[in-house]
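The following paragraphs lead the reader through one protein model, from its enclosed spaces to its open ones and the molecule bound there. Please keep the sequence and the structure in view while reading.

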Amino acid sequence: MISSRLPQNLEPNAVARALEARRRAGSPILDLTATNPTAAGFAYPKDVLQPLADPRALDYEPQPLGLWAARAAVAADFRRRGIVVSADRVALTSSTSEAYALLFKLLCDAGDAVLVPHPSYPLFEHLTRLESVTAIPYPLEYHGSWRVDMDSIARTANSRVRAVLIVSPNNPTGSFLHRDDLAAISELAAANGWAIIGDEVFADYALDPAPDAAAVLPGAGVLTFSLGGLSKSAGLPQVKLGWIGFGGPTALVDRAITAYEIIADTYLSVSTPVQASAPALIASGAAIRAQILARVRRNLDQLRSQAAAHPSIEVLKVEGGWSAVLKVPQIRGEEALVLELLEKDDVLVHPGYFFDFAREAFMVVSLLNEPATFDLAIGRLLKRVAA
Ligand SMILES: Cc1ncc(COP(=O)(O)O)c(C=O)c1O
């Protein structure tokens with residue numbers, strides 16, 4: 001009865017079961033997997049969602065790519081980051097996840113493939129399968145910073161590949177795409193007819209970016225998409241506004257936008273109040289973004305200083321984003337360690353395998369928590385792991 005696009009095993013895993021048991025027992029959990037900015041103690045301006053009540057939203061004007069004023073506001077937001085995209089090369093979506101789904105529909109037939117970085121965002125597994133697309137992993141390797149394993153891309157790609165996904169900065173490694181890696185990927189993409197999908201949702205959260213960090217759109221030589229949204233850039237995931245900036249050779253982009261319009265017109269998923277208030281919401285994002293960036297920086301500094309007392313634990317370089325990766329001694333398996341932390345210390349943390357690290361043992365911690373919770377949780381985690 002259930003499509004094979006969904007996992008056949010729908011049972012909760014061991015960590016989810018243990019978490020449920022702790023919650024039922026009434027234990028307060030220190031959650032180092034928390035990435036919801038609306039539940040992390042930030043001071044949102046009280047009237048931040050006021051623009052959603054603008055009476056202009058009473059007029060429904062179905063526009064597949066979005067209302068022009070909203071698209072222009074997104075183009076201006078790209079310009080804020082130094083990227084030139086005209087409003088007619090911007091499409092609105094209800095989220096980045098939806099943007100992926102729409103782009104896979106645009107580029108892929110059932111059974112086609114996309115190249116996906118490992119480690120990276122775990123949702124790619126579902127986002128691809130739900131569109132009947134195969135995810136072919138390509139590794140990121142850590143040598144003091146994370147770089148793309150180019151040989152592996154060339155080796156593992158097959159004739160069904162339609163696009164290569166790049167996440168910059170990447171979740172959870174925090175690594176930005178480097179200019180020469182982008183050039184090498186673009187060269188392969190041009191030779192093989194692949195598009196480039198660049199997920200730049202965390203682009204505003206640069207902590208220690210490499211000097212040669214590159215965005216995907218400037219100078220794009222192949223059909224290229226840059227994904228962003230309010231979820232991360234304004235800390236407003238509940239508003240449900242994402243976007244796609246299109247780039248590359250004019251003829252390809254024009255054709256892609258015309259075809260994309262058919263898909264977007266089929267769903268018309270972005271609500272009119274969200275579109276009408278997009279310029280104001282994007283503008284108010286700056287204040288929230290600044291708070292999040294300050295928090296993430298503060299927590300990363302704290303993590304580094306606490307971890308300095310534990311030489312067996314390495315905090316890997318974080319160039320940007322909302323998370324940090326700890327390399328921990330590979331004595332117990334990651335899952336055993338995560339369960340122990342949950343059951344004995346009431347600390348929830350993601351194991352590296354959740355993000356498809358090539359080997360054990362890694363822990364991924366969110367840097368979003370309020371300082372008191374973060375410090376307490378990190379203290380317990382480091383003590384347990386070092387023990
Ligand atoms: C790399 C990456 N892309 C996209 C998203 C989701 O964004 P949205 O809420 O716009 O779907 C996330 C959320 O954590 C993410 O980590």
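What volume does the second largest cavity have? In this predicted model, the second largest cavity has a volume of about 90 Å³. Its lining consists of Asp77, Phe78, Arg81, Glu200, Val201, Asp204, Ser226, Leu227, Gly228, Gly229, Ser233 and Trp243. Two elements, α2 (68–80) and β8 (224–229), give two or more residues each to this lining. The strand β8 contributes the most, with four residues. By class, the lining of the second largest cavity divides into four nonpolar, four polar and four charged residues.

The count of cavities of 30 Å³ or more comes to two. The largest cavity has a volume of about 110 Å³. It is lined by 14 residues, and those closest to its centre are Leu140, Val148, Val167, Ser175 and Leu177. Three strands, β4 (134–142), β5 (146–148) and β6 (161–167), each supply at least two residues of this lining. Among the contributors, β5 gives the most, with three residues. Nonpolar residues account for nine members of the lining of the largest cavity, while three are polar and two are charged.

From the enclosed spaces the description now turns to the open ones. The largest pocket has a volume of about 670 Å³. Of the 33 residues in its lining, Thr35, Tyr121, Asn171, Phe202 and Lys232 are the closest to its centre. The helices α3 (96–107) and α7 (230–233), together with the strand β14 (362–366), each supply at least two residues of this lining. The lining of the largest pocket comprises 17 nonpolar, 13 polar and three charged residues.

What occupies the largest pocket? The ligand sits there. Two helices, α3 and α7, give two or more residues each to the shell around the ligand. The residues that surround the ligand are Ser95, Thr96, Ser97, Tyr121, Val167, Asn171, Asp199, Val201, Phe202, Ser231 and Lys232. In this shell, four residues are nonpolar, five are polar and two are charged. Several names in the shell have appeared before. Tyr121, Asn171, Phe202 and Lys232 are also among the residues closest to the centre of the largest pocket. Val167 is also one of the residues closest to the centre of the largest cavity, and Val201 also belongs to the lining of the second largest cavity.

Some residues of the shell can be examined atom by atom. In serine 97, a polar backbone atom is 3.1 Å from an oxygen atom of the ligand. Asparagine 171 places a polar side-chain atom 2.8 Å from an oxygen atom of the ligand. For lysine 232, the distance between a polar side-chain atom and an oxygen atom of the ligand is 3.1 Å. Taken alone, the ligand exposes 400 Å², and the protein buries 88% of that.

A further open space deserves attention. The second largest pocket has a volume of about 560 Å³. Its lining holds 17 residues, and Asn13, Ala16, His350, Tyr353 and Phe354 lie nearest its centre. The helices α1 (14–24) and α4 (124–129) and the strand β13 (350–351) each supply at least two residues of this lining. The helix α1 gives the most, with three residues. The lining of the second largest pocket divides into eleven nonpolar, four polar and two charged residues.

The tour ends with the backbone. Where do cis peptide bonds occur? One joins histidine 118 and proline 119, with omega at about 0°. Proline 119 lies in the loop between β3 (113–118) and α4. Another cis peptide bond joins serine 168 and proline 169, with omega at about -5°. Proline 169 is found in the loop between β6 and α6 (179–192). Serine 132 shows a further backbone feature: although this residue is not a glycine, its phi is positive, at about 60°. Serine 132 is placed in the loop between α4 and β4.

Methods:
Residues numbered from 1 in each chain as written. Predicted model: local features only at pLDDT ≥ 70, side-chain atom pairs only at ≥ 80, totals over all residues. Heavy atoms only, no water. 1 Å grid on protein atoms, 1.4 Å probe; cavity = no way out; pocket = protein on both sides within 12 Å on 5 of 7 lines; lining within 4 Å. Points joined across faces, edges and corners; volume = space filled by probe spheres on them. Nonpolar A, V, L, I, M, F, W, Y, C, P; charged D, E, K, R; others polar. Near = heavy atom within 4 Å. Polar contact = N/O pair within 3.5 Å; in protein donor to acceptor, adjacent residues only side chain to side chain. Areas by Shrake-Rupley, 256 points an atom, 1.4 Å probe, with all protein chains shown as cover. Sits in = over half its atoms within 2 Å of the grid points.
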